[in-house]
Amino acid sequence: MTPDIALVRRIYAALTMHYVDGLTQAEVAERTGQSHSTVNRMIKMGHEMGMVDISIRSPFQDHLALERDLADASGLREVVIEATASGNPEAVLARVGLCAAALLVSKVKPGMSVCVTGGKGVSACVAGLRNVPQVKGVRMVPATGLVQGQHYTDVNHVAATMARSFGGEAVQMLSPMFAETEEQREIVAGMKTVSRVIEAARAADLAVVGIGGLRERATSYFDLHRDVPGEEGELMASGAVAELLAHVLDRDGKVTDYTRNRLVVAMAPDDLAKIPVSIGVAAGLEKAEAICAVVRGGYINTLVTDEATARDVLARLKADTA
């Protein structure tokens with residue numbers, strides 16, 4: 001039955017006092033001389049009659065829209081974007097690392113295995129793990145060999161630090177990132193102390209990986225081997241634009257024929273694509289081209305980046321279909 005006009009007026013008055021004036025239902029009841037239950041019923045009737053239209057405005061609304069647009073354009077399952085609120089690349093990366101850390105905490109569950117790479121993005125994520133709830137039985141596994149000398153290239157250090165944050169354990173990789181010859185690479189990768197770690201990384205429930213750009217000499221890929229800077233001509237001639245798991249990729253995300261791709265001791269990018277949750281962490285406009293390559297290759301399903309980089313990546317991916 002349609003309520004009579006007098007009831008509609010009372011409902012409207014109750015809704016206005018509650019939602020516009022900010023009174024509680026008890027205060028509305030006191031002001032109108034009605035019972036609390038009567039006011040509650042009138043407010044419910046107002047909702048059912050379509051008299052209430054609640055609109056929520058968020059300071060993150062633009063970011064949420066950008067996240068949806070980038071997820072749609074890239075096919076990624078989830079995109080998390082942090083504001084590019086500073087012109088300082090290190091400050092931006094630190095903020096992105098905090099976002100990645102919060103996302104990781106939300107996804108790690110008891111008994112999970114997490115494979116990790118080195119890199120500045122993953123190191124920023126680890127640095128953002130503060131006051132983390134302890135997770136029983138979690139295990140961190142290196143996905144690549146290691147390069148000592150920098151904290152972000154030493155994957156064992158990254159894995160151990162992340163494990164301590166969660167109260168878990170870390171597996172150690174006892175292999176350099178690159179062998180000197182293809183024959184040596186086969187021997188090293190075939191050692192049980194190495195092959196078991198790579199197999200454990202492939203079987204992980206979750207992955208956190210860095211995405212390296214190759215257009216800037218400051219990228220961490222040039223820190224991975226003393227001969228890499230001298231091979232820059234060969235590297236670029238191979239069509240390389242991105243680094244993932246110490247493999248260099250072309251713009252379409254395919255592993256190039258660059259010599260060191262045959263010498264790397266690591267899980268393959270194709271193996272990463274099979275892990276249920278694979279989080280790529282990267283920030284800075286110089287990473288946009290590399291992120292696009294990794295996305296085109298289908299290796300990750302989750303991305304954490306900053307707003308300016310996200311907009312550049314979105315523009316590039318839209319250009320692919322234009």
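These legends accompany close-up views of a predicted model.

Residues are numbered from 1 along each chain as its sequence is written. Local features need pLDDT of at least 70, side-chain atom pairs count only at pLDDT 80 or more, totals for chains, interfaces and linings use all residues, and side-chain values use heavy atoms, with hydrogens and water left out.

**View A. The open sheet has seven strands.** Their order is 1-10-9-5-2-3-4, with parallel pairing. Strand 1 (78–82) and strand 4 (169–170) are the edge strands, and each pairs on one side only. Strands (E, at least two residues) and helices (H or I, at least four) are DSSP runs, numbered from the N terminus. Two strands pair if DSSP finds at least two bridges between them.

**View B. Strand 5 pairs with strand 9 and strand 2.** Strand 5 (residues 206–210) and strand 9 (residues 277–281) run parallel over five bridges. L206 stands opposite V277 in strand 9. V208 has I279 of strand 9 as its bridge partner. Three bridges join strand 2 to strand 5, also in the parallel sense. Here V116 stands opposite V208 of strand 5.

**View C. Is strand 5 buried or exposed?** Five of its five residues are buried, so strand 5 is largely enclosed by the rest of the structure. Buried means under 20% relative accessible area, exposed over 50%, and partly exposed in between (1.4 Å probe, protein chains only). L206, V208 and G210 point one way from strand 5. A207 and V209 point the other way. In a regular strand, side chains alternate between the two faces of the sheet.

**View D. Helix 7 and helix 13 meet the sheet.** Helix 7 (residues 155–166) lies across strand 2 (113–116), strand 3 (139–142) and strand 4. Helix 7 runs at about 170 degrees to strand 3. Helix 13 (residues 307–321) packs on the sheet, touching strand 1 and strand 10 (302–306). The directions of helix 13 and strand 10 make about 120 degrees. Axes are lines fitted to C-alpha atoms, for helices over the stretch in contact; angles run from 0 to 180 degrees between N-to-C directions. Contact means heavy atoms within 4.5 Å.

**View E. T256 sits in a loop.** This loop lies between strand 8 (247–249) and helix 11 (269–272). T256 is buried, with a relative accessible area of 9%. Not counting residues up to four places away in sequence, T256 touches S238, G239, A240, V248, L249, D250 and N261.
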